[in-house]
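Let's explore a protein together, one question at a time. Take a look at the picture first, and then we will work through the answers step by step.

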Amino acid sequence: MAVHSGQPTAPMLTDDRAGGWERAWDFLTSSRCAAILLLLTALVLLLAGIFPQAPATGDDAAAQLRWLAEATTRWGGLGPTLRALGLFQIATSPLWRALLGIGVFVLLVNAAQELWRALRYATPDTAALPIRAQGQRLAEGDAARVLAALDAALTQAGYRTRTERTGETLRLHAVRAGWAAWLRFGSAVGLLLVAVALLLSGTAARSETAAPGPGENVPLALRPGWSVALADGAQGAGWPVVLMGPEGEPQARGVIAPQRPLWAGVLTLHMTRTFAGVIVSATDGQGTPLPLQAAGESSAVGTLFLRFDEDQPEQYFAAPDVGDTIRIALVAASDRSAPAFAFQVFHGMDIQPSREGTFSGEAVTTSDGITYRFTAGRYPAVLAIHDPSRYPLWLGAAIAIACLAASVWARARAAVVQAVQAEGRVAVAYLASDAETERVIRSAL
Amino acid sequence: MGDSAPAIARNVKVEHAVNVGTIVLGSAYATLVAALGLWLADYVRPIAWARAAVRVLGLVAAALVAGYLLAAALVERRPLFLTLSDFLAGASAGMVALAPVAGRGKASPVGALALALAALTPVLAAQPDAPPAVDQHTLLYIVQAALHAIGVGACVAALLGTLGARSIREEHRLADNVGIALMGIGFVLTSAWAWLNWGMIWRSDPRVNLMAAGWLCVCAGRLLRAGGKRESALRILGVALMLIGAFGGDWLATGWPGLSFVAW
């Protein structure tokens, strides 16, 4: 900035946004405020990097409580305090929520500021101009000719210009790529959407684990009336599933696999793991199907499906019509191999099994004329997620990235130059949005 | 009475816990780390013989990795590039061998990517004990992992740009901005990957959390535009956090209970 002293002095273009509320507004829309928010976010992430974070376990609240108790114990005397502060669950802690809330407010103010600026960029004045450079000069000659020279230089540099006269004062407005001001507004809106989505996600997102067996419809508490079922024919690591609506009509159908979720509008189904299962049926000597009743169930069915995992490695069921009780235990299981089982058939009140053995895949055994058929296999556990915040989140991220990337190449530039004729000399004052615009003005002066 | 201790000792056939393959692969990793360390040291303060030494060390690492993979294919009759970590180990060794050692203030993207891949190799080699069961042979997984590697690579490139920019600031503003932007895209991709895999947008992995915290510090410094002590301090803090996240996060994670979810 060059200032020439002497008479007459240049009429100052002043920034009249320095009042109380204006000062607060300026702080909220300043880089300093953004930097402070970023540093606070960095602090939260740092805490999340130092202190262990509770894993998301679907709807298994007991597992999460066990995890929290273990983590609290590991940190000794500090543990309860850390847990109370939410430092083991930063994503749901008041600290993170408060920061997100402040971020949403600040981004809202910024979006309003950028909208106002973008709307007024076509006819810039000192209020709309983001001031990065300003200066004054004294020039010889006529004010109109000085501004005309400036006008020519700015027009040659690609600026769109407009001159207005107010009394003795001439004012030149210049804008280049004014449309690019909308990119800043787009960035602010994109980031605002992301922050709102993150804020909502903590309260609106729900998840639920389902483990459907063959031919079963597992109801989803997330969406009353909706259910998930397996379709026929596993495809390698993938499983065909059907999401049924309240009327029993299919809402979505597709194959789920690790890293291959099924998107079904309001719900997303993820395959989280597989579990071992056994399909059991029984027939008597004439080939008539016998009803089977699983332990803890009040009714008998023709075909049973039994689920096994590390917490529940054995299952009992009965064939009430013939007085048999059958125990099946998981012997070996891994996600990548077929599960192996051991079975024992007890007749009546006998303590010793009348039949026992192991199987993997399909097996048939006969005890006292009753034929039992076992079919072992692996089945998918499904995590159903209802997260309405995901749409604004990804939309916001896409808008913010696109606008920020575009603003690297296209930047709105503007300047206001004011000239006053006095005693054969011209007092010129200018405000510019950036250093390049200032360079054009100074070279023309 | 049972057998005496010496008698038991005589009857015990000692199995070697470390086989030749482990030694070869370990040597390759050690050579690779030495090459990367030398490359970084040369970057911070130029060393006359570093370029040639890094190339030799990188070639040795690449040869050891290739030898290991070939031997495994011939002896154990397993296919080449069975897992993504094999691919990354070979690729990172090869890239270090080919990476030009740029002068101070000039970040080499190839070297940065090699560094990122080296940092990612043990991460990707770690198999989650619990869900999700990752199928390493899917194209989707490879694409996502590659995108994440590029994101981390961008982190490292910006980090090096930051180090260099201390002496030649203005010349590197654009590279610095692009690096910071790529880091941001990298974190968004990480987030998208987590969503596709586990249905959540952010897994509380200490490595990613620390790297993101470092990136935010660099961004905050960039926003302040002070060009002075505050900006430099924030950059150095950010760089330190990113380095700790990339290479020390595993150590931090050992103190975490219920740890299967920590592995990518």
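Q: How many bridges join strand 4 of chain A to strand 18 of chain A?
A: In this predicted model, strand 4 covers residues 206-210 of chain A and strand 18 covers residues 370-386 of chain A. The two run antiparallel, and one of the facing pairs is Ser207(A) with Ile385(A). The number of bridges joining strand 4 to strand 18 is five.

Q: Which residue of strand 18 of chain A is the bridge partner of Ala276(A)?
A: Strand 10 of chain A, residues 267-283, also pairs with strand 18 of chain A. This pairing is antiparallel and extends over 15 bridges. Within strand 18 of chain A, the partner of Ala276(A) is Arg378(A).

Q: Which residue in the turn between strand 17 and strand 18 of chain A has a positive phi?
A: Strand 17 of chain A (residues 362-367) is joined to strand 18 by six bridges, and the two run antiparallel. Ser367(A) has Ile370(A) as its bridge partner. The two strands form a hairpin with two residues between them. The turn residue with a positive phi, about 50°, is Asp368(A).

Q: Which strands are the edge strands of the open sheet with the order 1-20-19-3-2 in chain A?
A: This open sheet has five strands with antiparallel pairing. An edge strand pairs on one side only. That description fits strand 1 (133-140) and strand 2 (160-166) of chain A.

Q: Which residue in strand 20 of chain A stands opposite Gln136(A)?
A: Strand 1 of chain A and strand 20 of chain A (residues 425-432) run antiparallel and are joined by eight bridges. Strands of a sheet pair through backbone hydrogen bonds. Opposite Gln136(A), in strand 20 of chain A, stands Ala429(A).

Q: Which helix of chain A packs on the sheet, touching strand 1, strand 19 and strand 20?
A: The helix in question spans residues 435-444 of chain A. Its direction makes about 30° with that of strand 19 (413-422) of chain A. The name to remember is helix 9 of chain A.

Q: Are helix 2 and helix 5 of chain A roughly parallel or roughly antiparallel?
A: The axes of helix 2 (residues 31-50) and helix 5 (residues 94-120) of chain A come within 11 Å and cross at roughly 160°. Angles over 145 degrees count as roughly antiparallel. Therefore helix 2 of chain A and helix 5 of chain A are roughly antiparallel.

Q: How many charged residues does the contact of helix 2 of chain A with helix 5 of chain A have?
A: Among the residues that meet here are Leu37(A) and Val44(A) in helix 2 of chain A, and Trp96(A) and Gly103(A) in helix 5 of chain A. By class, the contact has eight nonpolar and two polar residues. The number of charged residues is none.

Q: What is the handedness of the crossing of helix 2 of chain A and helix 8 of chain B?
A: Here helix 2 of chain A meets helix 8 (residues 206-224) of chain B, with axes that come within 8 Å and cross at roughly 165°. The two helices are therefore roughly antiparallel to each other. Their crossing is left-handed.

Q: What percentage of the residues in chain B are buried?
A: Chain B has nine helices and zero strands. There are 264 residues in chain B. The buried share of those residues is 44%.

Notes: Residues numbered from 1 in each chain as written. Chains lettered and ligands numbered in written order. Predicted model: local features only at pLDDT ≥ 70, side-chain atom pairs only at ≥ 80, totals over all residues. Axes fitted to C-alpha atoms, helices over the stretch in contact; angles between N-to-C directions. Helix = DSSP H or I, 4+ residues; strand = E, 2+ residues; numbered from the N terminus. Parallel < 35°, antiparallel > 145°, perpendicular 65-115°, else oblique. Contact = placed C-beta atoms within 7 Å. Nonpolar A, V, L, I, M, F, W, Y, C, P; charged D, E, K, R; others polar. Left-handed = near helix turned anticlockwise from the far one by under 90°. Pairing = 2+ DSSP bridges. Buried ≥ 20, exposed ≤ 12 C-beta atoms within 10 Å, placed from the backbone.
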